[in-house]
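Visitor: I'd like to walk through this structure and ask what stands behind each label. Could you show it to me?

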Amino acid sequence: MTDWQHFAAELGDIPSITERALVRQKSRDFYWYSPILKQLLDSKSADIIVCPRDEADVIAATALCAKHRVPLTVRGGGTGNYGQAVPLNGGVVLEMTALDQMIALEGGLLTVQVGRKLSDIDADTVKLGWELRMHPSTKRTATIGGFIAGGSAGVGSITWGGLRDPGNVISARVVSCEETPRVITLTGAEVAGVNHAYGTTGIITALTVAMAPVQPWRDIVAVFDRFEDAAECAMSVGEAPGIAKKLLSVMAAPLPRYFRGLDIPAGKHVLLAMISAASLVAWREALTRFDGIQLSCIASDDASGGRLPVYEYTWNHTTLHVLRTDKSVTYLQCLFPANGALDLVGEMRAAFGEEVMMHLEFLRIGGRVTCSALPVVRYTTEARMNEIIAFFEARGVSVANPHVVTLEDGAGHKKVGDGQPAMKARLDPYALLNPGKMRTYQPESV
Ligand SMILES: Cc1cc2nc3c(=O)[nH]c(=O)nc-3n(C[C@H](O)[C@H](O)[C@H](O)COP(=O)(O)OP(=O)(O)OC[C@H]3O[C@@H](n4cnc5c(N)ncnc54)[C@H](O)[C@@H]3O)c2cc1C
């Protein structure tokens with residue numbers, strides 16, 4: 001039994017929080033999208049929040065956790081969906097947001113501490129002609145470390161693919177969880193050991209990522225009478241190499257009705273896009289070809305006062321907009337194979353109607369354009385949810401089940417990378433990092 005007051009004293013001047021309500025608040029993420037995880041995780045809490053100010057603090061706090069053999073769960077912005085940052089067995093939550101320094105931007109490569117918010121990164125680099133290749137729709141609240149350790153793809157993935165695609169994340173500086181922590185640098189393919197590993201394989205303190213040249217993006221809202229036209233328009237623009245785009249998202253009616261601030265007419269299907277000003281002529285031609293009507297086209301801006309950036313209606317934000325008025329829904333995360341993706345989407349819509357309201361995000365996987373889906377599901381029971389998942393999977397649609405907490409069960413197309421158990425054995429010999437999230441890992445010595 002750990003004496004947490006004593007533990008806090010041993011931390012010396014490293015800031016920590018033991019106030020119960022705040023500890024509970026910082027032990028939560030967005031797991032409650034899932035009614036199944038809500039039941040499972042509502043009662044979970046850390047015992048203490050530790051807030052390192054720099055890498056030396058990370059090393060000292062980690063050494064203390066290893067010495068006392070207490071669980072350590074890393075936290076960035078706490079916007080993960082799978083209960084990724086929720087400590088299942090109490091212990092320490094290590095909040096990384098104070099490690100927020102830009103380190104270098106050279107030749108299109110950015111090195112940055114992990115706790116920096118993604119929108120703050122772009123705010124600095126855009127002035128120098130560079131922007132993040134991709135970001136989650138939580139750009140304004142998530143950290144770069146949390147995105148790489150917990151996310152997978154997002155705004156920009158239609159051009160640059162996912163985080164795991166070679167060339168996007170160049171290197172990671174990682175602290176091991178031992179009495180005498182080591183700091184190692186993972187480069188190139190080795191980064192997969194900590195990428196989408198939920199912080200189970202090491203504590204990342206700094207990252208080097210490849211950037212993209214800045215483009216004059218436009219936030220665009222377009223509507224269609226037929227869902228199929230919206231989806232085909234998105235696919236066609238996605239596949240057009242000459243059209244510079246950052247976002248292509250399609251939501252079936254009635255989902256757009258939940259988008260406060262966009263005023264989408266009832267019954268319309270929507271295509272939300274970010275297109276470079278240089279590509280607007282070709283974009284409008286595509287819209288006309290598929291009978292789309294453009295409702296608005298304005299300069300993209302993260303700091304646009306009361307107006308939400310268009311990306312905050314897309315990716316996992318779509319479900320959030322619905323949940324704000326209808327608590328009976330939840331969602332799924334799927335990936336359609338590139339071959340016949342839109343035919344399969346049609347099949348799923350025909351099978352489930354408004355029980356599974358279709359929301360597509362177009363992205364490039366292995367060089368080919370396809371769509372992932374984050375459909376909003378009218379939730380009834382866990383058994384029914386599993387039936388829906390089984391139906392999708394039986395037709396070749398990969399599902400990353402967001403109603404489970406382990407990497408193995410939830411990862412689907414984001415599966416536990418081959419190198420991750422080996423990385424865990426190397427950097428977390430006592431299995432203290434986010435215990436319970438990598439189900440199949442058994443430590444050899446404890
Ligand atoms: C509304 C909404 C929209 C979203 N949109 C997207 C999207 O478009 N694309 C996408 O991929 N995801 C998306 N997500 C999921 C989530 O936002 C992303 O995974 C996000 O990048 C997490 O960042 P964070 O800083 O909040 O991380 P956290 O939630 O704090 O952490 C995420 C995971 O990473 C681990 N972790 C955090 N920092 C470190 C570190 N320094 N070292 C090791 N492990 C670490 C944590 O332990 C946890 O397991 C969305 C979630 C919500 C609620």
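**What the labels rest on**

Guide: Here we go: the secondary structure of the chain comes to 14 helices and 21 strands. Keep in mind that this is a predicted model.

Visitor: What makes something a helix or a strand in that count?

Guide: A DSSP run of at least four residues is needed for a helix, and at least two for a strand. Helix H7 covers 157–160 and strand E21 covers 398–399, so both make the cut under that rule.

Visitor: How do you know that the chain agrees with a compact globule?

Guide: For 446 residues, a compact globule would have a radius of gyration near 22 Å, and the chain has 22 Å, so the two agree. Along its principal axes, the C-alpha trace spans about 65 × 50 × 40 Å.

Visitor: Which domains does the chain have?

Guide: The domain assignment gives domain 1 as 102–213 and domain 2 as 217–399. Their C-alpha centres are 26 Å apart.

Visitor: What makes residues of domain 1 and domain 2 count as in contact?

Guide: The C-beta atoms, placed from the backbone, have to lie within 7 Å. By that test, 14 residues of domain 1 are in contact with 17 residues of domain 2. On the domain 1 side, helix H5 (118–125) and helix H7 (157–160) each supply at least two residues. H7 gives the most, with three residues. By class, that side of domain 1 has four nonpolar, seven polar and three charged residues.

Visitor: Why are E5 and E6 called paired?

Guide: Pairing takes at least two bridges found by DSSP. Strand E5 (residues 102–106) and strand E6 (residues 109–113) have four bridges, in the antiparallel sense, so they count as a pair. One of the partnerships puts Ala 104 across from Thr 111 in E6. E5 and E6 form a hairpin with two residues between them, and Gly 107 in the turn has a positive phi of about 55°.

Visitor: What else does E6 pair with?

Guide: Strand E10 (residues 203–213), again in the antiparallel sense, over five bridges. Here Thr 111 has Thr 208 in E10 as its bridge partner.

Visitor: Why are E15 and E17 called edge strands?

Guide: They belong to an open sheet of three strands, ordered E15-E20-E17 with antiparallel pairing. Strand E15 (329–331) and strand E17 (356–357) are the edges: each pairs on one side only. Three bridges join E15 to strand E20 (residues 376–378), and Tyr 331 stands opposite Val 376 in E20.

Visitor: How does helix H10 run relative to E15?

Guide: H10 (residues 317–325) lies across E15 and E20, at about 170° to E15. Angles here run from 0 to 180 degrees between N-to-C directions, so the value for H10 and E15 sits toward the upper end of that range.

Visitor: What is the strand order in the sheet of eight?

Guide: That open sheet is ordered E14-E11-E13-E12-E18-E19-E16-E21, with antiparallel pairing. Its edges are strand E14 (293–299) and strand E21 (398–399), each pairing on one side only. Strand E11 (residues 217–224) and E14 share six bridges, and Ala 222 has Gln 294 in E14 as its partner. Helix H8 (residues 227–239) lies across E11, E12, E13, E18 and E19, running at about 165° to E12.

Visitor: What makes a residue part of the shell around the ligand?

Guide: The cut-off is a C-beta atom, placed from the backbone, within 6 Å of the molecule. The ligand is surrounded by 38 residues, and the closest are Gly 76, Gly 146, Gly 150, Gly 151 and Gly 199. Helix H6 provides the largest share of the shell, five residues. By class, the shell has 15 nonpolar, 21 polar and two charged residues. At least three residues come from each of domain 1 and domain 2.

Visitor: Which peptide bond is cis?

Guide: The one from Ala 253 to Pro 254, with omega near 10°. Pro 254 lies in the loop between E12 and E13. Asp 263 is also placed in the loop between E12 and E13, and its phi is near 50°, a positive value in a residue other than glycine.

Notes: Residues are numbered from 1 along each chain as its sequence is written. This is a predicted model: local features need pLDDT of at least 70, side-chain atom pairs count only at pLDDT 80 or more; totals for chains, interfaces and linings use all residues. Domain bounds come from an automatic or database domain assignment. Two residues are in contact if their C-beta atoms, placed from the backbone, lie within 7 Å. Ala, Val, Leu, Ile, Met, Phe, Trp, Tyr, Cys and Pro count as nonpolar, Asp, Glu, Lys and Arg as charged, and the others, Gly among them, as polar. The radius of gyration is taken over C-alpha atoms; the globule rule is 2.2 Å times the number of residues to the power 0.38.
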